Amino acid sequence: MADPAMSVTPYWEVTFDADGDVDGRQRNRLLAGVAERGVRDLIVFAHGWNSDRSGATSLYSRFFAPFPRLAPAARIGYVGVVWPSMRFSDEPVPDLPRSVVDGSARRPALDKDTRTALLETFPGRVTVVEQLARLLEERPAEESALEEFGRLARLLVEAVPPDPQALFAADTLVEGVPQDGPAMFAGPAAAVCEEFARALAGLEMPSGAAGFTVPNPWDGAHELLRQATYYAMKRRAGTVGERGLGPLVGRLARAAPAVRVHLVGHSFGGRLVSFALRGLPEGVRAVKSVTLLQGAFSHYAFAARLPHDPRAGGALQGQQHRIDGPLVCCHSRHDTALGTVYPLASRMAGDARGAVGEPLVGKLLGAEWGAMGFGGVRAVPGTRACTLAEALAAPLPVSGCVNVDAAAVVRRGGPPSGAHSDIVHPELARVVLAAGRVR
């Protein structure tokens, strides 16, 4: 399937809805085309937060561009997964300078692009989105207004059974928390907004620095909405992975048994391809590698036992064994979205009361709330660790988990996300090829 915006061929696109249902015509073209084109290695890439199909296609085109020259003899096919995620307009676009995107560090109000993205991602919520936008614009002084903002944000993202997405909410919360939504909405919204505001201000200016002032809680309200939306995206990524991509790989294995599948995911797309392992039909060994690029999910996801609670394990415990090859996690200390804001949001999702009033920046790193893309896979025995240079200089392990410190290239970006989207580098393309032994 040719795409005028795509830099490689053969390329196929597969689109999933929020419940993991795949576009049937696209699926059939992929299944038939892989065999017809004699594809040996199929690289399947899932984007993270993104505003539309064009943004996803642009990312895939630029990331895939080096592959033909890096592996000229390989018979590679390429798949771009499109799923209903969204990007706030102040998030950086991968591989573009921040000034090109929005020209500002933070926008308290909802601009037109963000409103449109919210309405496309959460259809039927026009009134809720408009009320949220009005409150962010007016920033009323009354604490009750912040509480109303929190109520509306929760209403925007809630999933109620029998919605399949409701089945994927539990693993985004900690054990013992009621499974009807993140606890950041159970406590006082004003306190949570203040916590987010302090965290964001601390990223731009340390609290001890001269000129630091206590921020307005409304500065954190925008972040509360962002994190509420990303909670929904995180839940949705699990749904699409297990109910959609996993079964699709199973059908592909039946249609083209010799094809070697390599799953790649950025941000929540890393969560999506990881949950696809849980959705593989029994006995399918078609997945030869998984590469996570700045994965936005728990670094304990694959752990059989959690260090802070040995009675519990990660949501994906043992799923790395479904890969007939390695699980490679690329991480970077420059990713402030995952290093500070993600663990703060995760801690608030698990225990809003415990979050308020505690130190923010620095204290959270490496704790139970950490993200895969900041410090790599944790608490999985036998996990190897190496620098990017080491990963490219010697063969990667043939199985198990491998942490690759990609900070040498994943380093550009400003607050609030840092280098989270700085993933378009030929070095990372080489990691994908090395993980799957594609030559």
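**Aromatic pairs**

I started with the rings and got a count of 14 aromatic pairs. Worth jotting down early: this is a predicted model.

I picked out Phe45 and Phe63. Their ring centres sit 5.0 Å apart and the planes meet at 80°, so I logged the pair as edge-to-face; the cut-off for that label is over 60 degrees. Phe45 belongs to strand β2 and Phe63 to helix α2, so this pair ties together parts that are 18 residues apart in sequence.

Are these two rings buried or exposed? Phe45 has 0% relative accessibility, so I put it down as buried. Phe63 comes out at 1%, so it counts as buried too.

Next I checked Phe45 against Phe64. That is an aromatic pair as well, edge-to-face, with 6.1 Å from centre to centre and 70° between the planes. Again the link runs from strand β2 (Phe45) to helix α2 (Phe64), 19 residues apart. Phe64 is buried, just as Phe45 is.

Which residues make up the cluster around here? I found Phe45, Tyr60, Phe63, Phe64, Phe67 and Tyr78 in one aromatic cluster.

**The sheet**

Then I traced the strands. Eight of them make an open sheet, ordered β1-β3-β2-β4-β5-β6-β8-β7, with parallel pairing. At the edges I noted β1 (11–15) and β7 (384–387), each of which pairs on one side only. From one strand to the next, the twist averages 20°.

I looked closer at β1 and found five bridges joining it to β3 (residues 76–82), the two running parallel. Tyr11 has Tyr78 as its bridge partner in β3, and Tyr78 is also one of the aromatic cluster.

What packs on the sheet? Helix α2 (residues 53–64) does, touching β1, β2 (41–46), β3 and β5 (287–293), and its direction makes about 135° with that of β2. Helix α9 packs there as well, touching β1, β2, β3, β4 (260–266) and β5, at about 160° to the direction of β4.

**The core**

I moved on to the largest nonpolar core, which has 122 residues; Leu42, Phe64, Leu225, Leu245 and Leu428 have the most contacts inside it. Helix α9 (residues 217–255) gives the largest share, 14 residues.

I followed Leu428 further. Leaving aside neighbours within four places in sequence, Leu428 is in contact with Phe63, Leu293, Cys330, Leu388, Ala406, Val409, Val410 and Ile423. Leu428 is among the buried residues of helix α15 (residues 426–436), which include Val431, Val432 and Leu433. Last entry: just after α15, Arg437 takes a positive phi of about 50°.

Key:
Residues numbered from 1 in each chain as written. Predicted model: local features only at pLDDT ≥ 70, side-chain atom pairs only at ≥ 80, totals over all residues. Heavy atoms only, no water. Core = buried A, V, L, I, M, F, W, Y, C linked by side-chain atoms within 4.5 Å. Buried < 20%, exposed > 50% of the residue type's maximum accessible area, 1.4 Å probe, protein only. Helix = DSSP H or I, 4+ residues; strand = E, 2+ residues; numbered from the N terminus. Contact = heavy atoms within 4.5 Å. Pairing = 2+ DSSP bridges. Axes fitted to C-alpha atoms, helices over the stretch in contact; angles between N-to-C directions. Phe/Tyr/Trp six-rings, centres within 6.5 Å; stacked < 30°, edge-to-face > 60°.
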